[in-house]
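Work through the exercises below with the structure open. Try each task before you read its solution.

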Amino acid sequence: MLYESTRGGAPARRFNEILLEGLAPDGGLYVPQSRPTLDLGPLRGRSYTEIACAVLAQFMDDVPDLKEIVERTYTKEIFGSDDIVPLRTLEPGLHLLGLSNGPTLAFKDVALQLLGNLFESVLGRRGETLNVLGATSGDTGSAAEHALRGKKGIDVFMLSPHGRMSAFQRAQMYSLMDPNIHNLAVKGVFDDCQDMVKQVNADAAFKSKYRIGAVNSINWARVAAQVVYYFTGYFAATRRDSEQVSFAVPSGNFGNIFAGYVARAMGLPVKRLILATNENDVLDEFFRSGRYRVRKAVVETSSPSMDISRASNFERYVFELVARDGARVKKLWKQLESNGEFDLSGIPGSGFASGRSTHADRIATIRSVHAKYGVVIDPHTADGIKVALEHREPDVPLICLETAAAAKFAATIREALGREPGRPKGCEGLEKLPQRFELIEPDAAAVKRYIASHAK
Ligand SMILES: *Cc1c(COP(=O)(O)O)cnc(C)c1O
């Protein structure tokens, strides 16, 4: 499989070459050049790892140890069950796909656990090392650290805003004692952390000397890993390969739902992809009006992992909408930079529905799902279910993606249900574990000094 840039200005590359890269050199995102399809017949009834191998082999055909990596990644020990992403039926025709059973209790584990093993394998084959630098407001950082802890050839330097994460999020990151994990607690806010990462990356000499890399959400391997559970969720919810289903996805950077779009392009019978946003409704606005209008700032909400002002994976979908015309995408993004928006209302959408949800909706949905089905959902999943039910069609099974465990968002659960969410096995005394982090000033030079003295 060869990969090209959404802006049409970069040479085609193999998967192994794009794995450790961020953006393509022309500023675009890498996408596969051809669109593979899969026969459903031979996959029905297979295990998660068998289906993962079938899907991923289409995109990662130059990873010699793919099967071994997949089998080491998707285990009962790491994801809590042999199903990896168990499907729970709330009532006939309405299902919840459990994506939050990994080490940090959020769906990002599904892709990042694979990415950690892919990175280690590729670096090992090349005899290279990598220093992953990132900024987090909570969730992505912990998923990345849990995916990369103990990996050979990799160090992780994660900036987080000191004193601004929940006790649970802090404990998930700072309790890691692996020597390759470096938590840098910045005396500032999340934007300071992000700016510091940008400044370090802007220093090309430093970046290449210390082999600085990232695990951002635009990495194609993350999209590919997420395609797998659309297939396994489909098989779990249907009896025959002719049946259509719809998926509802709480969205932020458009990575998760874009994987559903790819699954459909590979032959999965998906009727609708139902996109849900919170008050940060850039994407809902696009799917209702055809107008993509990035925001100047985000609104802080009780589904914080969807608080975005622009959706980083969205460019991949636009590339498909304009019939894979890279020059056109390049123009649109230029326009976005100067005007903050573009309009594609003339182009018919393809099988998406969308809606938006507010704090009050989340609270009401957490309450009603608990009252009706005895299930405690997290606020992101609640955004998804709220919008899903507005678009539900009789006779089309609806699969709602559960993107985080309620335990991570105790304050919202207390507000909705008047009690603490239960803790999954293994995280009972998490906040009591010893913690390790380095306090640093909001200054890129301080990060560089730290990396220079700790990188391998
Ligand atoms: C990251 C995240 C999302 C948004 O996923 P995207 O791929 O960015 O659309 C939704 N819910 C949770 C819990 C998340 O962590």
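**Exercise 1. Give the strand order of the open five-stranded sheet, and say which strands stand at its edges.**

Solution. Keep in mind that this is a predicted model. Step one: read across the sheet. The order is E9-E6-E7-E8-E16, and the pairing is parallel. Step two: look for strands with a single partner. These are E9 (212–213) and E16 (438–440), so each has one side without a neighbour in the sheet.

**Exercise 2. Describe how strand E8 is joined to E16.**

Solution. Step one: locate E8 at residues 181–186. Step two: count the links. Three bridges connect E8 to E16, and the two strands run parallel. Step three: pick out one bridge pair. Ala185 has Leu439 in E16 as its bridge partner.

**Exercise 3. Characterise the surroundings of the ligand, starting with the residues that come nearest.**

Solution. Step one: list the shell. There are 14 residues around the ligand, and those that come nearest are Lys108, Gly252, Asn253, Asn256 and Thr403. Step two: sort the shell by class. Five residues are nonpolar, eight are polar and one is charged.

Step three: find the polar contacts. Begin with the backbone. An N or O atom of the Gly252 backbone is 2.8 Å from a ligand oxygen. For a backbone N or O atom of Gly255, the distance to a ligand oxygen is 3.2 Å. Now take a side chain. An N or O atom in the side chain of Thr403 lies 2.9 Å from a nitrogen atom of the ligand. Step four: check the cover. The ligand taken alone exposes 380 Å², and the protein buries 96% of that.

**Exercise 4. Classify Pro64 and Asp281: is each one buried or exposed?**

Solution. Step one: place Pro64. This residue sits in the loop between helix H2 (48–59) and helix H3 (66–73). Step two: apply the cut-off. Pro64 has a relative accessible area of 64%; exposed means over 50%, so Pro64 is exposed.

Step three: place Asp281. The loop between strand E11 (270–277) and helix H12 (282–289) holds it. Step four: apply the other cut-off. Relative accessibility is 13% for Asp281; buried means under 20%, so Asp281 is buried.

**Exercise 5. Which residues does Asp281 contact, leaving aside its neighbours within four places in sequence?**

Solution. Step one: name the contacts. They are Arg295 and Arg356. Step two: look for a polar contact between side chains. Asp281 and Arg356 form one, at 2.9 Å.

**Exercise 6. How far apart are Pro64 and Val122, in sequence and in space?**

Solution. Step one: along the chain, Pro64 and Val122 are 58 residues apart. Step two: from C-alpha to C-alpha, they are 9.8 Å apart.

Technical notes:
Residues are numbered from 1 along each chain as its sequence is written. This is a predicted model: local features need pLDDT of at least 70, side-chain atom pairs count only at pLDDT 80 or more; totals for chains, interfaces and linings use all residues. Side-chain values use heavy atoms; hydrogens and water are left out. Two strands pair if DSSP finds at least two bridges between them. Helices (H or I, at least four residues) and strands (E, at least two) are DSSP runs, numbered from the N terminus. A residue is near a molecule or strand if one of its heavy atoms lies within 4 Å of it. A polar contact is a pair of N or O atoms within 3.5 Å; within protein, one must be able to donate a hydrogen and the other to accept it, and residues adjacent in sequence count only if both atoms are side-chain atoms. Accessible areas come from the Shrake-Rupley method with a 1.4 Å probe; for residues, only the protein chains shown count as cover. Ala, Val, Leu, Ile, Met, Phe, Trp, Tyr, Cys and Pro count as nonpolar, Asp, Glu, Lys and Arg as charged, and the others, Gly among them, as polar. Buried means under 20% relative accessible area, exposed over 50%, partly exposed in between (1.4 Å probe, protein chains only). Contact means heavy atoms within 4.5 Å.
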